[in-house]
Amino acid sequence: MTMTKKDFTKPRFSTNLNPQWVTGFIDGEGSFIIAILPSTGPNKKKISLRLSVTQKSHSAGVLYELQSFFECGQVIPSSKDCQRFVVQRKEDILTKIIPHFTKYPLVTSKNLNFETFKEAAEIVAKGEHLNLNGLNKIIELKNLMNKNRSFEDLFNYFNLDQVINLDPSWVQAFVDAEGNFGTLITKSETGKIVTRNRLSISQSTHDYCVLKAICKFFNAGYLDPKKESIDSLDKAKLCKDNSFYYNSTPETIIPFFDKYPMLTRKHLDYLDFKNFYLLKKDKAYLTDKGFEEMQNIAFNMNSGRDDITKTRRK
């Protein structure tokens, strides 16, 4: 079956996930969670350690592939139009999840959350969570994670001059999780035509070094803001949610994504992105038919694939 006809709600059966792909995708889409739940035990609380990965239902196939890769966990309904892969059985966390991310570390500052999660898991493995001191230590760790972790801690995780060497399978997965293949074509009243093909990846500024590494990996594109605009904590705080990698030269990335395709429905957006580029390269936009074809591509990709979104955009 070709990828254009693939049902992305179902897993592939012919290919196993690359371990670096798994890490890259979870770097983008995964969450390490410590939950404190009510209990009838002596401490009145129990610990639940979870790995959670969410996808739109149209791309749930990769969640089943993660389930197959780890040989554990469940794929369950999440919020509206979403599915979630979740691992929460203690033995699975200790023997499968922790060893994987120890061997294939996360690249982004999400690794800080994993290390805290791992510390909590070690307390659970020793059974120390059953006494009050151990429970309180895990509660303390939970309060350091995810949204509770300070921007300063996240920003200081990297040195801005740090060199990060990326594995191709990690890049493949991270773009699948965080990237956007965008196209644009417009015509002014004077007849001037503007076209754009652009891959964009956004991250909080504390992961600026990851975007810089992606720029280096492709040897193309640019970063916004520039490094000198965020070379101190105070400057970075001013734009902490607004750092981007942009690549408007499709010829520098198409060979890579032909070799390392997207595994979610985003692959269809990539194919449209590539087709748009080839039409642009042939100057198809100079004819009414070509302009309309490129306009339809731009309109019907990304969120335009969903009928309800198309209706709203008309």
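This report walks through a predicted model of one protein, from its overall build to its pockets, cores and a few odd spots in the backbone.

**The overall build**

Start with the whole chain. The protein has 13 helices and 8 strands, and its C-alpha trace spans about 75 × 45 × 35 Å along the principal axes. Of its 314 residues, 46% are buried. If you look at contacts with a separation of 6 or more, 67% of them come from residues 24 or more positions apart.

**A covered helix**

Helix α1 (19-29) is a good place to zoom in. It is mostly covered, with 8 of its 11 residues buried. The buried ones are W21, V22, T23, G24, F25, I26, D27 and G28. What sits over them? The cover includes strands β1 and β2 along with helices α2, α3 (90-103), α4 and α7. One of those buried residues, V22, turns up again in a nonpolar core described further down.

**Two pockets**

Helix α1 also helps line the largest pocket, where α1, β1 (30-38) and α4 (110-125) each supply at least two lining residues. That pocket holds about 510 Å³ of space. It is lined by 19 residues, and G30, S31, K110, N113 and N146 are the closest to its centre.

The second largest pocket draws on other parts of the chain: β2 (45-56), α7 (168-178), β5 (179-187) and α11 (266-281) each give at least two residues to its lining. Its space comes to about 430 Å³. Here the lining has 20 residues, and K56, H58, S59, R265 and K266 lie nearest the centre.

Here is how the two linings break down by class.

| Pocket | Nonpolar lining | Polar lining | Charged lining |
|---|---|---|---|
| Largest pocket | 2 residues | 10 residues | 7 residues |
| Second largest pocket | 2 residues | 10 residues | 8 residues |

**The nonpolar cores**

Now for the greasy parts. The largest nonpolar core takes in 46 residues, and I214, Y245 and F257 are the members that touch the most others. Helix α8 (residues 208-218) gives the largest share of this core, 8 residues. Apart from it lies another core of 37 residues, which includes V22, I47, L49 and L66.

Which residues does Y245 contact, leaving aside its neighbours within four places in sequence? The list runs to L199, S200, I201, L211, I214, C215, F218, A220, G221, Y222 and L223. I214, one of the partners of Y245, is itself among the three best-connected members of the largest core.

**A buried spot in β5**

I185 sits in strand β5. Is I185 buried or exposed? Its relative accessible area is 8%, and the cut-off for buried is under 20%, so I185 counts as buried. Beyond its neighbours within four places in sequence, I185 is in contact with I193, V194, T195, F276, Y285, F291, M294 and Q295. R196 is 11 residues away from I185 in sequence, and the two C-alpha atoms are 6.5 Å apart in space.

**Cysteines**

If you were wondering about disulfides, the structure holds 0 of them. C209 is in none, and the nearest cysteine sulfur to it, that of C215, is 12 Å away. Why does that rule out a pair for C209? A disulfide here needs two cysteine sulfur atoms within 2.5 Å, so a nearest sulfur at 12 Å leaves C209 without one. C209 is also buried, with a relative accessible area of 2%. C72 is buried too, at 7%.

**Backbone oddities**

A few backbone features deserve a look on screen. The peptide bond from D224 to P225 is cis, with omega near 5°. P225 belongs to the loop between β7 (222-224) and α9 (233-238).

Two residues that are not glycine have a positive phi. The first to mention is E71, at about 55°, in the loop between α2 (61-70) and β3 (74-77). E71 counts as exposed because its relative accessibility is 63%, and the cut-off for exposed is over 50%. Then there is D81, with a phi of about 65°. Its place is the loop between β3 and β4 (82-87).

How values were computed. Residues numbered from 1 in each chain as written. Predicted model: local features only at pLDDT ≥ 70, side-chain atom pairs only at ≥ 80, totals over all residues. Heavy atoms only, no water. Helix = DSSP H or I, 4+ residues; strand = E, 2+ residues; numbered from the N terminus. Buried < 20%, exposed > 50% of the residue type's maximum accessible area, 1.4 Å probe, protein only. 1 Å grid on protein atoms, 1.4 Å probe; cavity = no way out; pocket = protein on both sides within 12 Å on 5 of 7 lines; lining within 4 Å. Points joined across faces, edges and corners; volume = space filled by probe spheres on them. Nonpolar A, V, L, I, M, F, W, Y, C, P; charged D, E, K, R; others polar. Core = buried A, V, L, I, M, F, W, Y, C linked by side-chain atoms within 4.5 Å. Contact = heavy atoms within 4.5 Å.
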